[in-house]
Amino acid sequence: MSDKKEKTFKFVIVGGGIAGVTCVEQLSSQIPSSEVALITAGPHIKAVTNYKQVSRTLEEFDVEEKPSSVLEEKYPNLTFIQSGVKALNTQSHFVETTDGRVFGYEKLCICSGGRPKLLTQDNPYVLGIRDTDSAQEFQKRLCKAKRIVVVGNGGIALELVYEVEGCEVIWAVKDKAIGNTFFDAGAAQFLIPSLEADKPEKTAPCKRPRYTTEEPAPGASQTFTADRNQRGHGSAPTEPGSALGPDWHEGIVLRGAEQVSRRVSVEYQCEVEKIFTSEELLSSPQQTLRPKTEGSWPVYVQLTNGKTFGCDFVVSATGVVPNTEPFLHGNNFALADDGGLQVNDQMMTSVPDVYAAGDVCTACWDHSPLWQQMRLWTQARQMGWYAGRCMAAHVLSEQIELDFCFELFSHITRFFNYKVVLLGKFNGQGLGPDHELLVRCTKGQEYVKVVLSDGRMVGAVLIGETDLEETFENLILNRMDLTPYGEDLLNPDIDIEDYFD
Ligand code: FAD
């Protein structure tokens, strides 16, 4: 690796997703005199807009994909470098980009996100959904499809099966219930009828105003197409873009080739055993494959429950793996079991002067008993922001303490058109059998679950317009003994807010 540095910056941030951009913004506003470089593979950056602190730890915001010039105009100290990083030399403090340039740093923050954990590599019938390009590819193939198989049980799979219309969906989940990453079986039961009902007409405007570097013409429909055109201007299509976020399907039509509204069949407790092409199926001596339905399909999926389904293509939504690869060679990073760069409570990796934030890192400090890392949009923002603060504090020789946002896990999202709020150990994570659950459920309206440990509230799942999030957040943070209140905690006839005034 050549070390002919084009320039050395005080701070170099790699990755223009939420974590990287928030880190850049924080550094640039905290130390406006310092030279900051943002190196990212694509021409766009992700910007947080309409940020709203809903309560002490809950936050809501929109995300816009913008051209990098927006950041450069706002922060004169910022240099934007559009290229992938292909190598890192932590001894000599420089990075090398795919277009052969070398940049030095005093402090580096790696925010390169993750890439889909694909069921199999290089199979043209298996798609992962991660960024704008892959979502566009999905849409293109869906409009000709009659049946798809979706594999995975996290947020992406949940949204996908709900949103797809005009195409039969076979949904293979490895758990006993859908949405296991977020819910227990009770919440899953509450949500299942939504999969069987017709989708309500959308009245809310699309929250993501732009996926493109160009403003669409007035009256034009909002699509991903300009993004692909933009990619023609320099970055290779294989370079990973930023991860999509909560509303990734807004503004794109997820419609297949059939007239049906929605047809989803869930195959529980199974994984993919094998994927065959139609030729392989025909030449297979095994009679056990026996596809579930007649007809000829381009690809067949054999599940571990013994069933085989033909389909037009398979969506692999089985999570992400941290994008660490370009940074590892020749360096001695401590990696977590999930493959992420280990970071401590100062967002520092195990290598001096190298920080990491967002999906690429694994939080390895002693977590608060009410927090866990999940590779989510909110945590990418919080980590990027906090990493920026830590980097600034360290060059100014100041002390900094772990931010309050890491005290309590909190997340607001929407699934199946319901508002969903998750707080603390919402699924009893790590609590063992020694916890109690209180549940209140009104079919089609709300599902409220509280997790109690030692009489104290340690987590909650709120689905629907419950309006309980702030009160519950306070009860969790105050660690108040709730034993005297018993089941009245969820009594709908008692106004819980007044109760605790
Ligand atoms: P990313 O957004 O992935 O950004 C990484 C950046 O690094 C990109 O700009 C990329 O181009 C750049 N990069 C990568 N490698 C290099 C390199 N070698 N050199 C230079 N640049 C590089 N979260 C939620 O909270 N709620 C949801 O409902 C939700 N839904 C999702 C739906 C989908 C389809 C997906 C894919 C994700 C979803 N997420 C959701 C997760 C959320 O989008 C991510 O957790 C978050 O965006 C991670 O941000 P990040 O900045 O760490 O990484």
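These are my notebook entries on a predicted model of one protein chain.

**Ground rules**

I number residues from 1 along each chain as its sequence is written, and my side-chain values use heavy atoms, with hydrogens and water left out. Since the model is predicted, local features need pLDDT of at least 70 and side-chain atom pairs count only at pLDDT 80 or more, while totals for chains, interfaces and linings use all residues.

**Entry 1: the whole chain**

I started with the secondary structure and got eleven helices and 26 strands. Helices here are DSSP runs of H or I with at least four residues, strands are runs of E with at least two, and both are numbered from the N terminus. Next I looked up burial: 56% of the 501 residues count as buried. Buried means under 20% relative accessible area, exposed means over 50%, and partly exposed is in between (1.4 Å probe, protein chains only). The chain exposes about 22200 Å², and carbon and sulfur atoms supply 47% of that; the areas come from the Shrake-Rupley method with a 1.4 Å probe, and for residues only the protein chains shown count as cover. I also looked at contacts, meaning heavy atoms within 4.5 Å. Among those between residues at least 6 apart in sequence, 64% join residues at least 24 apart.

**Entry 2: what UniProt says**

The unreviewed UniProt entry puts the feature "domain: FAD/NAD(P)-binding" at residues 10-164 and 299-384. I keep in mind that UniProt positions are given in the numbering used here, that feature names are shortened, and that annotations may be inferred rather than shown by experiment. Residues 10-164 are 25% helix and 41% strand, with the end C-alpha atoms 47 Å apart. For residues 299-384 I have 14% helix and 29% strand, and 41 Å between the end C-alpha atoms.

**Entry 3: strand 8 and its partners**

I picked strand 8 (residues 102-110), where eight of the nine residues are buried. Which strands pair with it? I count a pair if DSSP finds at least two bridges between the strands. Strand 1 (residues 7-14) runs parallel to strand 8, with seven bridges, and V14 has I110 as its bridge partner. Strand 20 (residues 354-356) also pairs with strand 8 in the parallel sense, over three bridges; there L108 is matched with V354. Strand 7 (residues 94-97) pairs with strand 8 in the antiparallel sense over three bridges, with E96 opposite V102. Strands 7 and 8 make a hairpin with four residues between them, and G100 in the turn has a positive phi of about 85°.

I checked helix 4 (residues 155-163) too: eight of its nine residues are buried, so it is largely enclosed by the rest of the structure.

**Entry 4: the five-stranded sheet**

Further along the chain I found an open sheet with the strand order 22-23-26-25-24 and antiparallel pairing. Strand 22 (410-415) and strand 24 (436-442) are at the edges with a single partner strand each, so one side of each has no neighbour in the sheet. On average, neighbouring strands are turned by 15° against each other, direction ignored. Strands 22 and 23 (residues 418-424) are joined by six antiparallel bridges, and H411 stands opposite L422. Helix 10 (residues 469-478) lies across strands 23, 25 (446-453) and 26 (456-463), at about 160° to strand 26. Axes are lines fitted to C-alpha atoms, for helices over the stretch in contact, and angles run from 0 to 180 degrees between N-to-C directions.

**Entry 5: salt bridges**

How many salt bridges does the structure hold? I get 21, counting a side-chain nitrogen of Lys or Arg within 4 Å of a carboxyl oxygen of Asp or Glu. K46 and E65 meet at 4.0 Å, N to O. K46 is in strand 3 (residues 44-53) and E65 in strand 4 (residues 59-67), so the pair ties together parts 19 residues apart in sequence. K46 is buried at a relative accessible area of 1%, and E65 is buried at 4%.

D184 and K449 form another, at 3.2 Å, N to O. This pair links distant parts of the chain, 265 residues apart: D184 is in the loop between strand 12 and helix 5 (185-196), K449 in strand 25. Both D184 and K449 are buried.
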